[in-house]
Amino acid sequence: MLVVRRRAGELIRIGDDVELKLLSIGKTSVRLGIEAPRSVSINMRLPSAENNGKTATNGRYTETGEEG
């Protein structure tokens with residue numbers, strides 16, 4: 001795992017066409033903007049206490065392990 005420090009407004013580039021931008025930092029949360037081609041699948045796993053073991057896929061929640 002690569003761990004980096006960034007300030008709000010700074011970018012992280014992954015490969016040639018994926019860009020992460022740190023939008024804002026709050027007391028208990030961080031807002032990330034992700035820019036990537038539509039062909040790149042973006043998945044997010046939340047702690048199970050928050051979502052009962054579900055995974056967010058491109059903004060929609062689906063059961064963990066199922067295609068969204």
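1. The central feature of this predicted model is an open sheet of 3 strands in the order β1-β2-β3, with antiparallel pairing. Here two strands count as paired if DSSP finds at least two bridges between them. Strands are DSSP runs of E with at least two residues, helices are runs of H or I with at least four residues, and both are numbered from the N terminus. The edge strands, each pairing on one side only, are β1 (11–14) and β3 (30–35). Neighbouring strands of the sheet are turned by 25 degrees against each other on average, direction ignored; the axes are lines fitted to C-alpha atoms, for helices over the stretch in contact, and angles run from 0 to 180 degrees between N-to-C directions. As general background, strands of a sheet pair through backbone hydrogen bonds, either parallel or antiparallel.

2. A note on conventions follows. Residues are numbered from 1 along each chain as its sequence is written, and side-chain values use heavy atoms, with hydrogens and water left out. Because the model is predicted, local features need pLDDT of at least 70 and side-chain atom pairs count only at pLDDT 80 or more, whereas totals for chains, interfaces and linings use all residues.

3. The first pairing to examine is that of β1 with β2, which is antiparallel over 4 bridges. The two strands form a hairpin with 3 residues between them, and Gly15 in the turn has a positive phi of about 65 degrees. Leu11 has Lys21 of β2 as its bridge partner, while Ile12 stands opposite Leu20 in β2.

4. The other pairing joins β2 (residues 18–25) to β3 in the antiparallel sense over 6 bridges. A hairpin of 4 residues connects β2 to β3. Leu20 has Ile34 of β3 as its bridge partner, and Ile25 stands opposite Val30 in β3. Strand β3 lies largely in the open, because the number of buried residues among its 6 is 0. Buried means under 20% relative accessible area, exposed means over 50%, and partly exposed lies in between (1.4 Å probe, protein chains only).

5. Glu10 deserves a separate remark; this residue lies in the segment before β1. With a relative accessible area of 32%, Glu10 is partly exposed. The C-alpha atoms of Glu10 and Lys21 are separated by 5.9 Å, although the two residues are 11 apart along the chain. Not counting residues up to four places away in sequence, Glu10 touches Arg5, Leu20, Lys21 and Leu22, a contact being heavy atoms within 4.5 Å.

6. How many salt bridges does a search of the whole structure find? The search finds 1, where a salt bridge is a side-chain nitrogen of Lys or Arg within 4 Å of a carboxyl oxygen of Asp or Glu. The side chains of Glu19 and Arg13 meet in a salt bridge at 3.1 Å, N to O. Glu19 is partly exposed at 25% relative accessibility, and Arg13 is exposed at 52%. In general, side chains of opposite charge can pair when their charged atoms come close.

7. For the chain as a whole, the secondary structure comes to 1 helix and 6 strands, in the pattern β-β-β-β-α-β-β along the sequence. Of its 68 residues, 13% count as buried. Among contacts between residues at least 6 apart in sequence, 0% join residues at least 24 apart.

8. Confidence must be considered before the model is interpreted. The mean pLDDT (the predictor's confidence in each residue, from 0 to 100) is 77 for the chain, and 66% of the residues reach 70 or more. Among the elements of the chain, β1 has the highest mean, 93, and β6 (residues 60–63) the lowest, 49. Over residues 61–68 pLDDT stays under 50, and the model has 15 contacts beyond four places in sequence for this stretch. Where pLDDT is low, the predicted coordinates should not be read in detail.
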